[in-house]
Amino acid sequence: MIALKYLEAMGLPALGSVVVASSLVAMSVQIMLLSPISPNPILELPSSSYTAFNKELQKLSKLGEGFVKDPEDVCVDESVGTVYTASRDGWIKKLHPNGSLENWKNSHSQTLLGLAPSPSNQGGILVCDTLKGILNVSEDGCSIIVSSHVNQTRMISFADDVVEAKDGSLYFSDASSKFGLHNWYLDFLEAKPHGRLLKYDPSSQQISTLLDNLHFANGVALSADQHYVVVCETFKYRCVKYWLKGPKQGETEILIDDLPGAPDNINLAPDGSFWIALVHPVRDGWEVFVRSKMARHILATFPNVCDLLVNGVRRRATVIKVSEDGKMLRKLDDPDGKVISFLTSAVEFEDQLYLGSLNADFIGKLPLTNT
């Protein structure tokens with residue numbers, strides 16, 4: 001009726017108004033039927049209280065430029081100072097202390113995400129493959145240590161990030177049980193919790209669920225004393241703690257929320273704080289639009305239109321440092337993506353910050369002493 005009155009007010013004949021209104025209703029129904037999402041009416045967006053940006057990330061240097069493709073995560077073997085990253089061409093790249101970058105091991109996969117050192121396999125690393133599970137990569141090659149499939153049943157939908165504890169246990173995120181790497185933005189538009197935080201026990205070879213109903217479970221990090229594990233809820237704009245030891249064992253609490261962006265990967269800093277890379281899933285000016293349930297149906301149904309929204313992550317970069325008690329200590333930006341954008345990972349080693357991005361052909365390196 002509202003649409004009909006609006007059309008009549010525009011001077012259209014009553015019959016014409018009915019036809020147009022009926023067409024709009026039919027089109028809306030068709031879009032909802034074709035839509036790949038079942039959106040929550042409410043979609044949360046990051047706080048607007050953090051409006052001040054700096055340009056500290058524009059001071060970074062580019063390592064291995066042109067030799068990597070979209071390195072989503074980086075990790076460091078502190079014993080030898082070697083930096084690792086996974087490239088979209090399937091290669092695990094090794095950045096040596098002398099600055100040379102090597103094609104180390106080929107995973108034969110284009111679906112690699114989070115990396116972490118593996119203390120139990122000296123000189124080896126763990127890599128998340130969103131399709132295969134958790135890979136163990138060493139001088140001997142690549143092998144699956146935690147498979148996404150057991151007896152042809154998919155146990156892990158979307159392996160995203162992993163960290164190994166001193167006892168050999170693996171803590172890792174399963175980002176979404178509904179959407180995959182190439183349509184992750186649909187999870188954002190649906191705004192429903194499809195993610196989990198999982199634990200793999202190497203002695204029993206069993207996987208257990210520590211947390212479920214997470215809004216895109218992403219980065220994972222252990223505290224310095226390994227009393228708790230932190231997981232990033234990307235589309236809830238917060239990071240949560242799960243207590244592994246002590247009087248709060250088994251309990252969950254928020255480390256930090258109301259973030260100025262969506263937390264991607266998180267890494268423990270040498271001083272016990274955390275570096276968190278923030279992405280910006282909404283293009284500037286589209287905030288009001290994506291709050292509409294019907295608008296999200298339209299975006300999800302028409303990929304070309306959705307690309308305009310998704311391109312927002314390629315226009316800015318932000319990384320923050322957060323204390324153990326959830327206080328923001330530092331914030332570094334490239335506000336217009338001039339040097340780096342879609343920043344997804346930050347790892348500190350010897351007063352340098354090594355940066356990964358899903359929109360770069362290099363590993364970023366930023367001296368922290370001059371920022």
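Me: In this predicted model, why is the sulfur of cysteine 142 not bonded to the sulfur of cysteine 75?

Reply: The closest cysteine sulfur to that of cysteine 142 belongs to cysteine 75 and is 13 Å away. A disulfide needs the two sulfur atoms within 2.5 Å, so 13 Å is too far for a bond. A search of the whole structure finds 0 disulfides.

Me: Why is cysteine 142 called partly exposed?

Reply: Its relative accessible area is 33%. Buried means under 20% and exposed means over 50%, so cysteine 142, at 33%, is partly exposed.

Me: What makes cysteine 306 count as buried?

Reply: Cysteine 306 has 0% relative accessibility. The cut-off for buried is under 20%, so cysteine 306 is buried.

Me: Why does proline 46 count as partly exposed, and where is it placed?

Reply: Proline 46 lies in the loop between helix H2 (14-34) and strand E1 (61-63). Its relative accessibility is 29%; partly exposed lies between under 20% and over 50%, so proline 46 is partly exposed.

Me: Which residues does proline 46 contact, leaving aside its neighbours within four places in sequence?

Reply: Proline 46 is in contact with Tyr237, Leu259, Pro260 and Gly261, where contact means heavy atoms within 4.5 Å.

Me: What makes strands E12 (159-164) and E15 (206-214) edge strands?

Reply: The open sheet has 4 strands in the order E12-E13-E14-E15, with antiparallel pairing. E12 and E15 each pair on one side only, and they are the edge strands.

Me: How do you know that E12 and E13 (residues 170-174) pair?

Reply: They share 4 bridges in the antiparallel sense. Pairing needs at least two bridges, so E12 and E13, with 4 bridges, are paired. Valine 162 stands opposite phenylalanine 172 in E13.

Terms used
Residues are numbered from 1 along each chain as its sequence is written. This is a predicted model: local features need pLDDT of at least 70, side-chain atom pairs count only at pLDDT 80 or more; totals for chains, interfaces and linings use all residues. Side-chain values use heavy atoms; hydrogens and water are left out. Helices (H or I, at least four residues) and strands (E, at least two) are DSSP runs, numbered from the N terminus. Buried means under 20% relative accessible area, exposed over 50%, partly exposed in between (1.4 Å probe, protein chains only).
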